[in-house]
Amino acid sequence: MGKNLSESLLGAGVLVGAVIFLLFAYSKSGLKKFDGYEVSAKFDRIDGLTEGSDVKMSGIKIGSVVAQELDGTTYLANLKLNVNKDVLLPRDSSIRVASNGLLGEKYLSITPGGEEEMIKPGGEITHTQGSVDLLSLVGRMIFSQGSEKKKDNDRTRTNGTK
């Protein structure tokens, strides 16, 4: 009987520790829902962004992505964002897909504009810049250097020097 009691107490202690760890991890994860307003933005590419991705201004999290869908007529990615109610966005603000480092997580970075009129709840940020596909850029760079070497070789052959 004493062995079963000690095993039960040990199991209860492990469960309490796991619950405390999960609560701590949730509080530090930044997954809290912002008490804010919704704005939307349309992008040509949103590679790496998901629902729950951060929306930052000056490196500080001010919101999160709450929904993403493909516009069936323009084929643009339409994102719905929840922005902290204390942060007002000028109408000419711009937003871009950014990343933490070369291979870090993707987030949205807002650069505030200078207009006095603010984006209303449910409004849209119209100045957008989608994500950059690093693999295609590297591929273009490699193949463009190869074609430049071929052009140089062709020039030397037509000039008669080698």
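Helices are DSSP runs of H or I with at least four residues, numbered from the N terminus. In this predicted model, one such run is helix H2, which spans residues 134–158. Ile 142 lies within H2. Together with Val 138, Met 141 and Phe 143, Ile 142 makes a nonpolar surface patch of about 430 Å².

Strand E6 covers residues 106–111 and pairs with strand E2, residues 54–57. The E2–E6 pairing is parallel and runs over two bridges. Within it, Val 55 has Leu 108 of E6 as its bridge partner. E6 also pairs with strand E5, residues 94–99. Here the strands run antiparallel and six bridges join them. Tyr 107 of E6 stands opposite Ala 98. E5 and E6 form a hairpin with six residues between the strands. In this hairpin, Gly 101 adopts a positive phi near 80°.

The largest nonpolar core holds 22 residues. Leu 81, Leu 89 and Leu 108 touch the most other members. Six strands each supply at least two residues of this core: E1 (36–43), E2, E3 (60–70), E4 (77–84), E5 and E6.

Leu 108 thus appears both in the E2–E6 pairing and in the core. Residues up to four places away in sequence are not counted among its contacts. Leu 108 touches Phe 43, Leu 49, Val 65, Leu 79 and Leu 81. The contacts of Leu 108 also include Asp 54, Val 55 and Lys 56, as well as Ile 95, Arg 96 and Val 97. Val 55 is therefore both a bridge partner and a contact of Leu 108, under a contact cut-off of heavy atoms within 4.5 Å.

Definitions and conventions:
Residues are numbered from 1 along each chain as its sequence is written. This is a predicted model: local features need pLDDT of at least 70, side-chain atom pairs count only at pLDDT 80 or more; totals for chains, interfaces and linings use all residues. Side-chain values use heavy atoms; hydrogens and water are left out. Patches are made of residues with over 30% relative accessible area and no salt bridge: like charges are joined within 9 Å, nonpolar side chains (Val, Leu, Ile, Met, Phe, Trp, Tyr) within 5 Å. Accessible areas come from the Shrake-Rupley method with a 1.4 Å probe; for residues, only the protein chains shown count as cover. A salt bridge is a side-chain nitrogen of Lys or Arg within 4 Å of a carboxyl oxygen of Asp or Glu. Two strands pair if DSSP finds at least two bridges between them. A nonpolar core is a set of buried Ala, Val, Leu, Ile, Met, Phe, Trp, Tyr and Cys residues joined through side-chain atoms within 4.5 Å. Buried means under 20% relative accessible area, exposed over 50%, partly exposed in between (1.4 Å probe, protein chains only).
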